[in-house]
Amino acid sequence: MTETLKKIFKEKGVSPSYTRMRIYYYLDDCKTHPTVDTIYKELIDELPTLSKTTVYNVLKLFVEKELVYEVNIGTNEKRYELVIEKHSHFICQVCNTIYDIPYICRPIDEDVIPGFEIIDQEVNLKGICPNCKHKQITT
Ligand SMILES: [Zn+2]
Ligand SMILES: [Zn+2]
């Protein structure tokens, strides 16, 4: 896996430092759209010299190099995930979990916004996840 990742980094012009690789693996592993804070807390034991600034800078580089996607869900804390297949998000307003759901694309009549060319659209859903809903029913 390390060799594969080194190849990915090389293609994107990212030099493969241990910290960078570790953060990449963490994102690959957790799939929970972590914040800078979460990544820092999870890796600090293993990488005692790690700082939040480093985590932030590595993520910034990854975003620039299109390895990582910044999930914009309207909260003030940015959350991150590896660039994978295009998908939408469901944000649970009870437990704050961000779920990956199949990509939702709404047909838009371009006459509604004349003159604008649409390049991308992002549909995020908010609500209550099955886990939280279940808890509400049973308690
Ligand atoms: Zn929930
Ligand atoms: Zn996602």
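Here is a short set of notes to read beside the structure, one topic at a time.

1. **What you are looking at.** Please keep in mind that this is a predicted model. The chain has 139 residues, and 15% of them count as buried. Taken along the principal axes, its C-alpha atoms fill a box of roughly 50 × 50 × 25 Å.

2. **The order of the elements.** Five helices and five strands make up the list of elements in the chain. If you walk along the sequence, you meet them in the pattern α-α-α-α-β-β-β-β-β-α. Contacts across the sequence are worth a look too: among those between residues at least 6 apart, 45% join residues at least 24 apart.

3. **Two domains.** The chain is divided into domain 1, which covers 2-82, and domain 2, which covers 87-138. Their C-alpha centres lie 24 Å apart. Where the two touch, four residues come from domain 1 and four residues from domain 2. On the domain 1 side, the residues that touch domain 2 are two nonpolar, one polar and one charged.

4. **The start of the chain.** Find helix H1, residues 2-12. None of its 11 residues is buried, so H1 lies largely in the open. Just after H1 comes Gly13, with a positive phi of about 70 degrees.

5. **The largest nonpolar core.** Which residues make up the largest nonpolar core? There are 12 in all: Ile23, Tyr24, Leu27, Val36, Ile39, Val55, Val58, Leu59, Phe62, Leu67, Val68 and Tyr80. Three helices each supply at least two residues of this core: H2 (18-30), H3 (36-43) and H4 (52-64). H4 gives the most, with four residues. As general background, nonpolar side chains tend to be buried together in soluble globular proteins.

6. **Tyr80 and its contacts.** Tyr80 is one of the core residues, and a good one to click on. Leaving aside residues up to four places away in sequence, Tyr80 touches Leu27, His33, Pro34, Leu59, Val68, Glu70 and Val71. Among these partners, Leu27, Leu59 and Val68 belong to the largest nonpolar core as well.

7. **His33, a loop residue.** His33 sits in the loop between H2 and H3. Is it buried or exposed, going by its C-beta neighbours? His33 has 21 C-beta neighbours inside 10 Å, so it counts as buried; the cut-off for that label is 20 or more. His33 also has a positive phi of about 55 degrees, although it is not a glycine.

8. **Thr49, another loop residue.** Thr49 is in the loop between H3 and H4. Thr49 counts as exposed because it has 7 C-beta neighbours inside 10 Å, and the label applies at 12 or fewer. For a sense of distance, Thr49 and Thr97 are 48 residues apart in sequence, and their C-alpha atoms are 29 Å apart in space.

9. **The open sheet.** Three strands form an open sheet in the order E4-E3-E5, with mixed pairing. E4 (98-102) and E5 (124-127) stand at the edges with a single partner strand each, so one side of each has no neighbour in the sheet. On average, neighbouring strands here are turned by 30 degrees against each other, ignoring direction.

10. **How the strands pair.** What makes the pairing mixed can be seen from E3, residues 87-92. E3 and E4 run antiparallel and are joined by five bridges, whereas E3 and E5 run parallel and are joined by four bridges. Ile91 is a handy marker for both pairings: it stands opposite Ile98 in E4 and opposite Lys126 in E5. In general, strands of a sheet pair through backbone hydrogen bonds, either parallel or antiparallel.

11. **The hairpin and Asn96.** The hairpin of E3 and E4 has five residues between its strands, and Asn96 is found in that loop. Asn96 is not a glycine, yet its phi is positive, at about 65 degrees. With 12 C-beta neighbours inside 10 Å, Asn96 counts as exposed. Set beside His33, this makes a nice pair to look at: Asn96 is exposed, whereas His33 is buried.

Definitions and conventions
Residues are numbered from 1 along each chain as its sequence is written. Chains are lettered from A and ligands numbered from 1 in the order in which they are written. This is a predicted model: local features need pLDDT of at least 70, side-chain atom pairs count only at pLDDT 80 or more; totals for chains, interfaces and linings use all residues. A nonpolar core is a set of buried Ala, Val, Leu, Ile, Met, Phe, Trp, Tyr and Cys residues joined through C-beta atoms within 7 Å. Two residues are in contact if their C-beta atoms, placed from the backbone, lie within 7 Å. Two strands pair if DSSP finds at least two bridges between them. Axes are lines fitted to C-alpha atoms, for helices over the stretch in contact, and angles run from 0 to 180 degrees between N-to-C directions. Domain bounds come from an automatic or database domain assignment. Ala, Val, Leu, Ile, Met, Phe, Trp, Tyr, Cys and Pro count as nonpolar, Asp, Glu, Lys and Arg as charged, and the others, Gly among them, as polar.
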